[in-house]
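Reader: I would like a close look at one part of this structure: the place where its domains meet. Please start from the chain itself and work towards the contact, and say what else lies around it.

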Amino acid sequence: MIRETDIKAFSQRQTPFYFYDLEALSHTVDRAKAAADRYGFHLHFALKANSNNPVLELIKDKGLGADCVSGGEVRKALEIGFEPHQIAFAGVGKTDDEIRLAIEKNIFSINVESMEELIVIDEIAGQMKRKARIALRLNPDVDAKTHHYITTGLEENKFGISGWQVDDVIELVSKSDNLLLDGIHFHIGSQIRTLEPFRNLCGRINAIQLRFEEKGIKLNHINAGGGLGIDYQAPDDALNPDFEHFFKVFASLIDLRPGQQLHFELGRSLVANCGDLISRVLYVKKGLKTNFLILDAGMTELIRPALYQSVHPIENLSARSLNERAIYDVVGPVCESSDCFGKAISLHKSDRGDLIAIRAAGAYGETMASHYNLRKLGDAMYRFA
Ligand SMILES: *Cc1c(COP(=O)(O)O)cnc(C)c1O
């Protein structure tokens with residue numbers, strides 16, 4: 001939510017920068033937690049969606065764990081104060097140093113994505129004379145029906161161990177003295193807006209669990225990953241996203257064994273709505289067919305529209321007239337034609353210097369920012385609860 005007082009504060013600052021509404025974040029995390037607590041589910045936050053310090057501190061203080069995909073993220077989570085036993089670590093290409101760090105800190109689970117990686121972890125744990133606590137990230141071959149760049153649970157994707165290899169992997173784990181198999185892990189994709197892919201995932205998880213039990217393996221935890229999508233067009237809707245129905249699917253469809261824990265790694269659904277990219281209009285450039293609104297923010301600050309054709313709501317926060325509207329192609333200053341936030345967008349009539357908010361940018365916004373064109377993003381601004 002952007003308030004009048006926020007807009008006043010924005011007008012004193014150099015743009016572009018990210019604005020985080022920590023009050024909204026607190027509300028969202030509370031809702032997610034209440035919905036998960038009903039079933040005793042465990043929540044982790046995927047740091048790659050947003051690794052801004054106050055955002056992470058708030059989430060840590062609410063008692064969530066962390067989900068990391070690099071050694072840098074594991075270090076960051078520890079620095080913020082997440083407990084090692086709350087940290088899951090996935091990724092198809094973990095380096096030896098990253099594996100050593102995870103074993104050294106004795107984190108909750110190293111989520112192993114291939115036979116090749118398992119062999120290396122076994123070797124490194126042996127050298128360190130330690131036991132590596134692992135989960136196997138399995139590829140459930142479930143179609144998330146989302147943008148193909150953010151689908152991860154299909155056989156053709158690079159993520160996870162495929163069904164045909166599971167027997168060999170179990171054999172290696174069983175033979176090794178250096179590996180402690182604690183659970184199985186899944187993550188089928190991101191911005192998933194229907195519950196059907198999650199229902200299908202539950203069915204696959206049940207079948208896979210039986211396969212492990214047939215081999216005499218008991219699993220302490222199942223980690224169903226993240227992926228719950230949000231309605232990008234309703235950033236101020238206090239019930240967006242719908243955590244209750246999401247967790248209910250798992251509660252009713254997964255056959256958990258007594259004492260078995262079910263974990264989730266939510267990223268986008270927790271933070272997307274609490275962040276906005278604030279920028280100014282540099283020029284209103286006349287075209288023959290369309291007028292361009294050229295902002296001082298671009299794909300270097302928020303790459304999602306260029307990378308995934310995603311559509312963020314755009315608002316003029318300081319329009320001189322609330323009665324006049326106009327149609328614009330809203331673009332950034334970067335030297336790429338894909339540097340475009342939206343075509344034929346209806347906005348309040350806009351002028352040079354107007355403040356523009358690109359809404360629902362709290363997930364995969366600031367963390368994906370780059371220095372391309374030697375551009376510089378200002379420090380974030382916060383409204384505390
Ligand atoms: C990115 C990621 C998540 C979070 O995904 P969201 O769609 O943002 O919820 C969870 N788990 C893993 C392993 C990931 O890579």
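**Where the domains meet**

Author: P16 is placed in the loop that runs from α1 (4-11) to β1 (17-21). The model is a predicted one. The bond between T15 and P16 is a cis peptide, with omega at about 0°. P16 also ends a segment in the domain assignment, which gives domain 1 as 4-16 + 273-383 and domain 2 as 23-271. Domain 1 is therefore made of two stretches of chain, with the range of domain 2 falling between them in sequence.

The centres of the two domains, taken over C-alpha atoms, are 33 Å apart. Where they touch, 21 residues of domain 1 are in contact with 22 residues of domain 2. About 2,000 Å² is buried between them, and carbon and sulfur atoms give 49% of that area. On the side of domain 1, N273, C274 and Y364 supply 33% of the area buried against domain 2, more than any other three residues. N273 begins the second stretch of domain 1.

The polar part of the contact can be taken next. Across the interface there are twelve residue pairs in polar contact, and two salt bridges are found there as well. R383 pairs with E23 in a salt bridge, and the closest N and O atoms are 3.9 Å apart. That distance is accepted because the limit for a salt bridge is 4 Å. In the assignment, R383 is the end of domain 1 and E23 is the start of domain 2.

As for the elements involved, α11 (304-308) and β16 (381-383) are the ones that give two or more residues to the side of domain 1 that touches domain 2. The largest share of that side, three residues, comes from α11. By type, that side divides into ten nonpolar, seven polar and four charged residues.

Y364 leads on to the ligand. There are 16 residues around the ligand, and K48, S190, E265, R268 and Y364 come nearest. Of these five, Y364 lies in the range of domain 1, and K48, S190, E265 and R268 lie in the range of domain 2. An N or O atom in the side chain of Y364 is 2.5 Å from an oxygen atom of the ligand. For S190, the distance from a side-chain N or O atom to a ligand oxygen is 2.3 Å. R268 comes to 2.8 Å from a ligand oxygen through a polar backbone atom. Next to S190 in sequence is Q191, which has a positive phi of about 50° although it is not a glycine. Q191 is in the loop between β7 (179-185) and α8 (196-214).

Some features of domain 2 complete the view. The search of the whole structure finds 23 salt bridges, and one of them joins the side chains of K62 and D30 at 2.9 Å, N to O. This pair links distant parts of the chain, 32 residues apart: D30 is in helix α2 (residues 22-37), and K62 is in the loop between α3 (53-61) and β3 (65-68). A cis peptide bond is also present from N240 to P241, with omega near 0°. P241 is in the loop between β8 (221-223) and α9 (243-253).

Methods. Residues are numbered from 1 along each chain as its sequence is written. This is a predicted model: local features need pLDDT of at least 70, side-chain atom pairs count only at pLDDT 80 or more; totals for chains, interfaces and linings use all residues. Side-chain values use heavy atoms; hydrogens and water are left out. Contact means heavy atoms within 4.5 Å. Buried area is the accessible area (1.4 Å probe) that two parts lose on being put together, summed over both. A polar contact is a pair of N or O atoms within 3.5 Å; within protein, one must be able to donate a hydrogen and the other to accept it, and residues adjacent in sequence count only if both atoms are side-chain atoms. Helices (H or I, at least four residues) and strands (E, at least two) are DSSP runs, numbered from the N terminus. Ala, Val, Leu, Ile, Met, Phe, Trp, Tyr, Cys and Pro count as nonpolar, Asp, Glu, Lys and Arg as charged, and the others, Gly among them, as polar. A residue is near a molecule or strand if one of its heavy atoms lies within 4 Å of it.
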